Amino acid sequence: MIIRKIRIKNINSLKNEHIVDFTTSPLKESGLFAITGPTGSGKTTILDAICLALFNRIPRIDKQISQNLIFETGVILTRNTKDAVAEVEYSCAKGIYTSRWEISTNRNGNLRDYEMRIYDVAGNTIEEKKTNVPVLNEQLVGLSFDQFIRSILLPQGDFALFLQSGKNDRGILLEKITGSLIYRELGKRAYEKRKIVCLQMDKIKDQQSELLARKMDDTAFAELEVKCNSIAKEQVELNNKMVATEKQLDIKQNIERLTKQVIETEMLWKKSIQDSVQFIKGEGVKMKPHKLLLPYFEEINAVTELQNWIATNSRKIEEIKTNLAQNETKIENTANSIRQFVHNQTIESSNLVASLDQFEQKVIGLSSLCDQKEFAYRTGFEPVKQTAKELNLPILIKEEPHKISEKISHRKQAIIHQLSEYELKHPKIGVENSLEKQTLFQEQISLATEWDKMIAIYEQNNKSLQLLLKKRLDTEKEHKTGKSNLEQWNIQFNELKTHLELKSKDLLINQLTTKLEDFKKHLHNNQPCPLCGSLEHPWAEKEIPDSKSQEYECKQLEEKLKIVKSSIDSAIAKNELFEKQIENTLKEEKELGIQIATSQHDMDAIKTKLPEDMQLLKPAEATSKLQQYLAEYRGYGQLVIELEKIEQIKLQISKLIELFTEGKEIRLQLQAIYQGNNIQTDCKALRSKYQEVESEKSRLNKNLQEIGTELERNEISKSQKIGSLLPKLQQIGFTDFEIAKKSMLHHSEYTKLEERAKQLENEKLSRKTKYETLVEQLKLSQQKDVKETLEQIRLQLTQFSEKLKEIAQNRDAMMEQLSNQKSIRADLKIKEQEYESLRLKSEKWILLDKVIGDSQGYNFNNFAQSLTLGHLITLANRRLQELSPRYMLTKTEVKGNDELNVIDRDMGDELRSVKTLSGGETFMVSLALALGLAEMASRNIAIGSLFIDEGFGTLDPETLDQALAMLEQLQARNNKTIGIISHVDALKERINARIELHPEFGQGHSKLVIKSGY
């Protein structure tokens, strides 16, 4: 994976839009570049933007970025901005893609939810669901978020600390760096799982013990089953006897019940016969004449309907006559209302509508004329209102014109008074020179403002100069101390060097002496030495010192000498840095001195351009005074313009007064004859009301005539029908129509009587049938009857019941005991199965706990970390072969603790602790470990972009050069783009391509600049 472009907008301290393009110069040509800037300027924000655009995560926060997280913590979105964007273009094995993350605020200033999308190289969107974008990026890149931050963002600084830590601290750091906390959790979970399983097995064992204590022995259990079966058999036999006896009881009781029902049913049957006879003699009498009249039912109904119509029409005629009288009153009232409305009480009824029309036209004419005057007034009022608004004089159209005229006159007097005050204060003031004076004052205000700014710059430069002087004095003091320390280190170095030379000579002599040990055995006193011929051999019996202790002393002195040499080199580098800082400070002091002198000259030049009285004041006071003069001259000119406008508005108001007077007179004429709101609506209502009562009168007269005619026709028809029907009625015994009409029953009444007669007949037949059926059933039951009496049968049932109850009590107790024992045996079987199943399942957890488990998870964690560290050392050594073949990392077991060492091949494969490494050596080894971790995390995926965050601040200039040389070598061999993130200023002088972050003073955000050259 290679990062091609980064686009950042309003992320943390990087306000506005910034683009870092690795496909164009100068970053394209330089594989090694630096990201520099002071602490808090936004260096790490660039890395945050990459992770945010790809995974919606940043390394500093251990969860997904969300709308609520941004609102609560203030992270990501730059303060006082409305949107933020992080976009990364990258290439991978599957092509070139762009991943984008963005967020914005709505109209109310509240954050919307974030959005994410991925584009291909043609700009086509291939995914825009925000939850799917990180997953797709992981698939395209081949790295998860955790793998990405360990493969692309190398934690070199963490490994530098890792090398200097003990085993326990080193394990914690390795967990943090590699993200392998899971091994500790697995060890703890294995321990906890085994503990839970064992507790469950113990619980089952306890339950089994409890059940065994309650279990009956097998012999007693078998006897209990036999007893229960015997009692059950006896109970069945008693139940059979009891059922047979209950049947006999049912027969006896049935005979009693049927005998009683036969007597009751016979009585009901006789009562039905009596009810039927009484009905025929009573209400049934009405049915006979009705049946005789049924053939003439329609003719009788026809006459009855005519009689009803005649009565109804007679009532209607009376109602119409009453309504006609009321209508006359309405007509007169409406006519009086019209006369009163048109203000004329002498109008004839025939001329009412015409007079109303004439009055309507007169009112409409006056109203239209009044509207014309009002329109003309409003039209003329608008320019007056506009001019008054310019004069800041509030007037309303509802105000009378002469009152508006009075307001304007008062305003005119006030303006004349203000002009007089200005002329007294400035005698030469006038319309002619007002504009010239205003221009002059504005120029002088600009000069005074510039003068004030120059004073601020002058004071700031003086303050900076004092700080530089203090800084230089402090540096010179530190430089002097550094020189003194350097002299002491040099003295100590020479002393150690001399001491080492002496010790080395002693060691050499001792080693040579040791080699001649075999020759000493053949030397004897008074016998010549084969080498020198001497007869005395003083060294023959002298004890030779142990050379191992001398070798150890020499090695100790060599180590001390290296430490002192390192201190000397560091002191020299610091002194050189102090000298350069002093030189730079002197240069800055000189530049500030020139700026101070220039500022003083410019201030003097500006002061001479101001009036003499202004030169005596402070810049702020002079500016305030000049602004006051400018405001007064502007005020005078404004008042003159207002006075001209007032003269203009007075002419316009005089015309308005004339229109107002004419309109007022017309309005009074209109109000004298009409006070309503709408003359047309009022006249229409009166016309409609008058026409309505006239129409009602015509309608009532017409109805009266029609109903009278119909009434006469009904009377004739009634006489004809009665004359035709009466002879027929007389033949069946009815001498009068009204008598026959009264003898006719209503249809519902006749239906009820007929239904009652049928009901009585059916009831009589039903009761007779039921009586005969019950008599037959009684005969059959008497044939099944037994000899025993009812009391004897009931006594047998009671005896059987008591015996069953006694048996049941004994049986229930034994059955309950038997059921409990069966349940206990079933539970024991289940518990045995549960225990066996759990035992089989627990074997793996017990074994796993034995191998990796403990309460804190250290066993598996230490084993896993040992493997991880071994694998990491192997990968790091591959990188060390590329960077510096001299060193190789190794791990040794010392008293149960893993110790990290390096093998120095140039020193005869000498084994050294990593804690003895110099700053440059530590950097080299920690960089190799970081590159090894990147390879381990990326799972053999080609990584083309690396970022090394910090780790350079502790290096001296010589070691820094060495480290950069190694990185350039790494970049050249592997064709990677390597970015170094640091606040070390020396990187600017050693790396050609740089991404520099410059904080903007007092604004809380930085400017991103891409530079090339030293």
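At what angle do helix α10 and helix α18 pack, and how far apart are their axes? Keep that in mind while you get your bearings. The model on screen is predicted.

**The whole protein**

Start with everything shown. The protein has 1014 residues, and 36% of them are buried. Colour by secondary structure next. You should find 25 helices and 15 strands. Now switch on a surface. About 61,800 Å² is exposed, and carbon and sulfur atoms supply 52% of that area. Contacts reach along the chain too. Of those with a separation of 6 or more, 72% link residues 24 or more positions apart.

**Stop one: α10 and α18**

Select residues 297-341 for α10 and residues 679-731 for α18. Here is the reply to the opening question. The two helices pack at about 160°, and their axes lie 7 Å apart. Angles over 145 degrees count as roughly antiparallel, so α10 and α18 are roughly antiparallel to each other. Their crossing is left-handed.

Stay on α18 and pick Gln720, which lies in this helix. Is Gln720 buried or exposed? Exposed means over 50% relative accessible area. Gln720 has 56%, so it is exposed. Now add Val303. The C-alpha atoms of Gln720 and Val303 are separated by 9.6 Å, although the two residues are 417 apart along the chain.

**Stop two: α13**

Select residues 431-515. This is helix α13, and Gln466 lies in it. Gln466 has a relative accessible area of 51%, so this residue is exposed. Show Glu589 as well. From C-alpha to C-alpha, Gln466 and Glu589 are 9.0 Å apart in space. In sequence they are 123 residues apart.

**Stop three: the six-stranded sheet**

Move to the N-terminal strands. In what order do six strands form the open sheet? Read across it: β2-β1-β4-β5-β6-β7, with antiparallel pairing. The edge strands are β2 (14-21) and β7 (125-127), and each of these pairs on one side only. Neighbouring strands of the sheet are turned by 20° against each other on average, direction ignored.

Zoom in on the β7 edge. Strand β6, residues 115-120, is joined to β7 by two bridges, and the pair runs antiparallel. Click Ile118. Its bridge partner in β7 is Glu127.

Next, bring in the helices. Select residues 133-141 for α3, which packs on the sheet. Helix α3 touches β4, β5, β6 and β7, and its direction makes about 35° with that of β6. Then select residues 43-55 for α1. This helix lies across β1 (2-11), β2, β4 (83-92), β5 (95-104) and β6. Against β4, helix α1 runs at about 80°.

**Stop four: β14 and its partners**

Finish with residues 993-999, strand β14. Why is β14 described as largely enclosed by the rest of the structure? Because five of its seven residues are buried.

Show strand β3, residues 32-36. Four bridges join β3 to β14, and these two run parallel. Find Thr36. Its bridge partner in β14 is Glu996.

Now show strand β15, residues 1006-1011. Six bridges join β14 to β15, and this pair runs antiparallel. Pick Pro999 as your last residue. Opposite Pro999, in β15, stands Ser1006.

Terms used: Residues are numbered from 1 along each chain as its sequence is written. This is a predicted model: local features need pLDDT of at least 70, side-chain atom pairs count only at pLDDT 80 or more; totals for chains, interfaces and linings use all residues. Side-chain values use heavy atoms; hydrogens and water are left out. Two strands pair if DSSP finds at least two bridges between them. Axes are lines fitted to C-alpha atoms, for helices over the stretch in contact, and angles run from 0 to 180 degrees between N-to-C directions. Contact means heavy atoms within 4.5 Å. Buried means under 20% relative accessible area, exposed over 50%, partly exposed in between (1.4 Å probe, protein chains only). Accessible areas come from the Shrake-Rupley method with a 1.4 Å probe; for residues, only the protein chains shown count as cover. Angles under 35 degrees count as roughly parallel, over 145 as roughly antiparallel, 65 to 115 as roughly perpendicular and the rest as oblique. A crossing is left-handed if the near helix is turned anticlockwise from the far one by less than a right angle, and right-handed if clockwise.
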